[in-house]
Amino acid sequence: MDEVQRYLFDLRGYLIIPDVLSSAEVAELNRLIDAQNLSGPGGDTNSARFGDFLNWDKAFCALLDHPRLMPILKTILGDGFRLDHYYGIYMRAGTERLNLHGGATPYDPPEYYHFRNGQMYNGLTVVSWNLADTGPEHGGFCAIPGSHKANYPCPEQVKEEHIGHEAVVVPSAPAGSLVIFTEALTHGTAPWTASHQRRSLLYKYSPGQQSWGGNYVQPPTDVELTPRQKLLFEKPYFNARQSLFEE
Ligand SMILES: O=C(O)CCC(=O)C(=O)O
């Protein structure tokens with residue numbers, strides 16, 4: 001994580017990293033999703049989600065510990081982080097918004113942003129791989145920058161106004177980019193207005209000692225993982241946890 005990325009993540013609670021995937025890689029991941037002949041996306045949030053894609057192809061597993069991602073997650077979560085859960089979001093013109101949720105206040109123990117000893121400490125952290133352009137003219141991820149450090153709860157009026165409120169931004173995140181955000185951020189989804197489908201893959205990581213989910217995510221059964229990818233499926237514990245960065 002470079003100095004600018006670290007500054008922006010601390011300041012805003014999210015980071016956009018463009019051009020992590022090539023257009024050929026994006027096309028291949030979209031082709032693999034198309035091949036599943038999924039029933040959606042529908043107009044409501046439930047029918048705008050899909051799961052289990054780590055079992056579909058090793059291309060999805062390769063994103064788990066992508067070399068561009070790992071040093072960034074090390075700064076955000078410390079060594080030894082783990083995959084907490086994952087799902088995909090797809091949306092079509094008219095798919096509804098997701099309400100704003102999260103924020104530093106009221107305090108939610110597994111979803112925190114702390115700064116101590118000159119470094120950040122994060123709870124549940126989301127890495128969203130964009131396989132289609134998202135942004136103000138399309139819809140998709142939206143957030144209130146800086147709300148991971150808010151001292152007051154997000155007012156109902158702001159939540160109701162959603163993307164109509166000046167505090168809420170819908171950042172541009174083109175196909176091939178990553179959106180990385182702390183779940184301590186107040187965030188949600190802008191309704192989808194574009195003619196193309198939204199396709200985002202959300203991998204959610206927790207620091208090694210904790211789990212947000214009650215059921216620990218299981219490794220795929222149909223795809224062979226690398227040793228480092230297997231470590232990401234370790235149960236939560238702290239003492240003597242193996243480094244993800246050893247040769
Ligand atoms: O649309 C997004 O990227 C945010 C989704 C989200 O906040 C959620 O699924 O809980």
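Helices, which are runs of H or I in DSSP of at least four residues, and strands, which are runs of E of at least two, are numbered here from the N terminus. With that settled, Pro-106 can be placed in the loop between strand E4 (98-101) and strand E5 (113-116), and the peptide bond that leads into Pro-106 from Thr-105 is cis, with omega near 0 degrees. Before I go further, please keep in mind that this is a predicted model, in which local features need pLDDT of at least 70 and side-chain atom pairs count only at pLDDT 80 or more, while totals for chains, interfaces and linings use all residues. Residues are numbered from 1 along each chain as its sequence is written.

Let me start with the overall picture. The protein has six helices and eleven strands, and its C-alpha trace spans about 45 × 45 × 35 Å along the principal axes. The radius of gyration, taken over C-alpha atoms, can be set against a globule rule of 2.2 Å times the number of residues to the power 0.38; for 247 residues a compact globule would come out near 18 Å, and the protein has 17 Å, which agrees.

I will speak a good deal about burial, so here are the cut-offs: a residue is buried if 20 or more other C-beta atoms lie within 10 Å of its own, exposed if 12 or fewer, and partly exposed in between, with C-beta atoms placed from the backbone. On that count, 38% of the 247 residues are buried. Two residues are in contact if their C-beta atoms, again placed from the backbone, lie within 7 Å, and of the contacts with a separation of 6 or more, 87% are between residues 24 or more positions apart.

Now to the interior. A nonpolar core, as I use the term, is a set of buried Ala, Val, Leu, Ile, Met, Phe, Trp, Tyr and Cys residues joined through C-beta atoms within 7 Å. The largest one has 50 residues, and Val-179, Ile-180 and Tyr-203 are those with the most contacts inside it. If neighbours within four places in sequence are left aside, Tyr-203 is in contact with Leu-63, Leu-64, Leu-83, Tyr-86 and Val-127. There is also a second, separate core of five residues, among them Ala-48, Tyr-90, Met-91 and Trp-192.

Which residues of helix H4 are buried? In this helix, residues 70-77, they are Ile-72, Leu-73, Ile-76 and Leu-77. Seen down the axis of H4, and taking the directions from the axis to the C-beta atoms, these buried residues fall within an arc of 105 degrees, so they line one face of the helix. Their cover includes helix H1 (3-12) and the strands E6 (119-122), E7 (125-130), E9 (178-182) and E11 (198-206). Just after H4 comes Gly-78, with a positive phi of about 80 degrees.

Met-120, in strand E6, is a place where distant parts of the chain meet H4: beyond four places in sequence, Met-120 touches Asp-10, Ile-76, Tyr-113 and Phe-115. The C-alpha atoms of Met-120 and Asp-10 are separated by 7.7 Å, although their positions lie 110 residues apart along the chain. Met-120 itself counts as partly exposed, because it has 18 C-beta neighbours inside 10 Å.Turning to the ligand, a residue counts as near it if its C-beta atom, placed from the backbone, lies within 6 Å. The residues around the ligand are Ile-89, Leu-98, Ser-128, Gly-140, Phe-141, His-187, Gly-188, Thr-189 and Ser-200. Strand E8 (140-143) and strand E10 (187-190) are the elements that give two or more residues to this shell, and E10 gives the most, with three. For the classes, Ala, Val, Leu, Ile, Met, Phe, Trp, Tyr, Cys and Pro count as nonpolar, Asp, Glu, Lys and Arg as charged, and the others, Gly among them, as polar; the shell then has three nonpolar, six polar and no charged residues.

Finally, some backbone details. A cis peptide bond also joins Gly-40 and Pro-41, with omega about 0 degrees, and Pro-41 lies in the loop between helix H2 (23-34) and strand E2 (49-50). Asn-117, in the loop between E5 and E6, has a positive phi of about 50 degrees although it is not a glycine, and Asn-117 is exposed, with 7 other C-beta atoms within 10 Å. His-162, in the loop between helix H5 (156-161) and E9, likewise has a positive phi, near 55 degrees, but His-162 is partly exposed, with 17 other C-beta atoms within 10 Å.
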